[in-house]
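User: Please go through the cavities and one serine in this model, and give the reasoning behind each label.

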Amino acid sequence: MPFKLTEEFKAKAAHICARYPRKDAALIPLLQELQGQAGFVAEEAMDALAQYLELPYARVKGVVTFYTMFNRAPLGKYHLQVCRNISCHMAGAPALLGRLKEKLGIAEGETTKDGLFTLSTVECLGACGTAPVLQANEDYFENLTPEKLDALIDDLKHGKHPLKR
Amino acid sequence: MILNMESILLKDNVECLEGYFAAGGYKPLKKALALKPSEVTDEVKKSNLRGRGGAGFPTGLKWSFIPKDAPGPRYLVCNADEGEPGTFKDRELLLKNPHALIEGMAIAGYAIGAAHGYIYIRGEFAAEAALLERAVADARAKGFIGRNILGSGFNFELFVHRGAGAYICGEETALLESLEGFKGQPRLKPPFPAVKGLFGSPTVINNVETLAAVPSIIEKGGDWYAAIGAGKSAGTKLFCVSGPVNKPGVYELPLGVPFRTFLENNCGGLKAGKKLKAVIPGGSSTPVLTAAEALAVNLDYESLAAAGSMLGSGAVIIIDESQCMVKLLQVLARFYHHESCGQCTPCREGCGWIEKLLNRLEDGRGTVKDLDTLYSVAEAMLGRTICPLADAMAMPVMSFVKKFRSEFEAHAAGKCCPPDAAGEH
C-alpha cells in the first residue's frame, strides 16, 4: 500500500514548519515525527515527505542516511544501545556488550527472533560520569553492573519497565 | 584562590521557574532590557567570559562581530549538542538550571538584536529536551520569552531543536547546516556565522554553559566575574570528571584550580588500588598529559596551553595504569573515523588509515614502522581541513604516540597490554 501522510501529521507538520523561516528546515524534526509513529523511516515515507516539503528525494535520503538515529528498517521493541567510547570502555562496556550478546544470542546490529531486542553499539552518549551507560529506546541506564543489566533485561522481557519508543 | 565559593551555574532548587524566580532569576533580564544592547555586550566583554564549548573564544567579542547596520533578521543559537567524549556538563546544567540558559539567551538575543533563538540539543537527550521545552513554555507564560518582553518592546522567540545523532554537529557551522535541515557538513569560513550564519543571516552560536553564565554577569557586573578565576581565564568552569576516581561527576570551580587539588579534594582521588597513568584534560580531542604533567598543571586556558594541551570542554578523563594506551587510542580512532563527515580528504582518509594502523597494532600484526606512519598521517591531517575534526583526531594520536611510545613499541614487538587491561579486549 502506498504511504500517505495523515491529516494529523500534516497539522503537526505545519506547526513545526512555522518555527523556521524556511519550511525545509523542519526536515529533521518531521523525520523524527515519522519515526516516532512507525519506529523507522521507510523509503515510501521519505518520498512522501520529500513531496510534502517540495524537496528532492535525494535530499531527504541523504539526511536520513547521514544521521545515526534514523532507522531505515523496523527494530526490535527495545533498542539497546551500548556506549563504546573511552569512559564507558574503561568502565567495562566491552564486558557488558559481551554479556548482552551472550544473553540475547545476537550480534551487534541484530534483532532477537521474538522481535523484542535489537542490539547496537553507539558513540559517546554524554553521560561519562555514570559510565558504563546504555540507552534503551530513549531512556538512559547508567552506572551499569552485570547484575543491573540482567535485571533490566528481565524487566523488559516481562514488560515491567515500559519504555517510550 | 577561593575554592569553596558560591556556585554561579550549579545551584539547588532552581530546576523549576518558581525556584529560579525565588532565587532572583529573571531580574538580570529586566536589568539588561533597561540598558542599551551595546552596554550589555560591553558588560560581557568586561567579564572576560570565554566560550565554554571548547574553543575559549571571548564571548563579548563574538557578539560584537554582528554587523551593526545589517538589514534583515539575526539569530542566536545555543549549542547543546554535547558529544565530545568525556563531556557531560551541559546535560547537568540543563537538568539542574535550565532557566539560566533561557534567561541568558533572552539577554544575548537582546544584545545582538536577534528576535529568534534556537537551542540545538543532541537527539539522544530526549528527557533533557522535553524538560527544556517545558521550561521555555513556563518562561513564555510569564512573559520572559515572546513578544514585548517585560514591556520593553523587545521580542524574542525561542525554540528547542533536536539533533539526530552526529558528533560533527557540535562544530558550529555543521550545526547550522543541520538546523537548516541538511547533512551536518561544516562550512568554509569566511564568511563567519556572525556575518552569514543561520539562513544566511548574522548569527551568534554559544555553548550552554557560556549562555548560562550571562545572567549572573549582568546582575553582578563584568568586573565581579573577571575577578574570579585566574587572569585571562575568568570565572567559574564546569569540570566533568570520568574514569576510575571515587567521585566522578560535574564540579563547578574557579578556573585556575590545580589539577592535583581537583583530583584529591573534589574527585576523592583514584579508586583503591588504582594508580594515575595519564589524563586527557579537556575532552577526547585534547592532547593527553602524563601523570607527572597533569599533577603539575592548573586547570585554565593558559596553563593547559603551556603544558601542550587544552582546557577544551572541561572534560577531565582519568586514565589509570591498568589501561592500555594503544587500546584507548584505537577506541578514539574508531570514533573519529565513524564521525568524520567525509567532506575533506585528509580527514576522511586519515581517520580511516589511523584506525586501520591501530587495529593492526592491537591485533599483533603491527610493526615499528607503523608507529612512524601513524604519526606522519596525523601530522599531515593537522590544519588541512574545513573544520577541526581532523585536528581532533590528530592531536590525541600524536600525543599518545609521543608520550607512551614504549607501549606502542611493545605492541609492535608482539607484546601486548598491561595484565589488567588484557581481560577487557
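**Cavities and a serine**

Analyst: This is a predicted model. In the largest cavity, the lining residues divide into seven nonpolar, four polar and no charged.

User: How do you know that the lining of the largest cavity has no charged residues?

Analyst: The lining consists of B:I168, B:S340, B:C341, B:G342, B:Q343, B:C344, B:C347, B:T385, B:I386, B:C387 and B:L389. Asp, Glu, Lys and Arg count as charged, and the lining is put at no charged residues.

User: How many cavities of 30 Å³ or more are there, and what are the volumes of the largest and the second largest?

Analyst: The count is two cavities of 30 Å³ or more. The largest holds about 70 Å³, and the second largest about 40 Å³.

User: What lines the second largest cavity, and which helix gives the most to the lining?

Analyst: Residues of chain A line this cavity, including A:C83, A:N85, A:C124 and A:V133. Helix α5 (residues 86–90) of chain A gives the most, with three residues. The lining divides into eight nonpolar, three polar and no charged.

User: Why is B:S309 called buried?

Analyst: Its relative accessibility is 5%. Buried means under 20%, so B:S309 counts as buried.

User: Where is B:S309 found, and what makes its link to B:P287 a polar contact?

Analyst: B:S309 is in the loop between α13 (301–306) and β13 (315–320) of chain B. The B:S309 side chain reaches the backbone oxygen of B:P287 at 2.7 Å, and the cut-off for a polar contact is within 3.5 Å.

User: Which residues is B:S309 in contact with, leaving aside neighbours within four places in sequence?

Analyst: These are B:P281, B:T286, B:P287, B:L289 and B:L304.

Methods:
Residues numbered from 1 in each chain as written. Chains lettered and ligands numbered in written order. Predicted model: local features only at pLDDT ≥ 70, side-chain atom pairs only at ≥ 80, totals over all residues. Heavy atoms only, no water. 1 Å grid on protein atoms, 1.4 Å probe; cavity = no way out; pocket = protein on both sides within 12 Å on 5 of 7 lines; lining within 4 Å. Points joined across faces, edges and corners; volume = space filled by probe spheres on them. Helix = DSSP H or I, 4+ residues; strand = E, 2+ residues; numbered from the N terminus. Buried < 20%, exposed > 50% of the residue type's maximum accessible area, 1.4 Å probe, protein only. Polar contact = N/O pair within 3.5 Å; in protein donor to acceptor, adjacent residues only side chain to side chain. Contact = heavy atoms within 4.5 Å.
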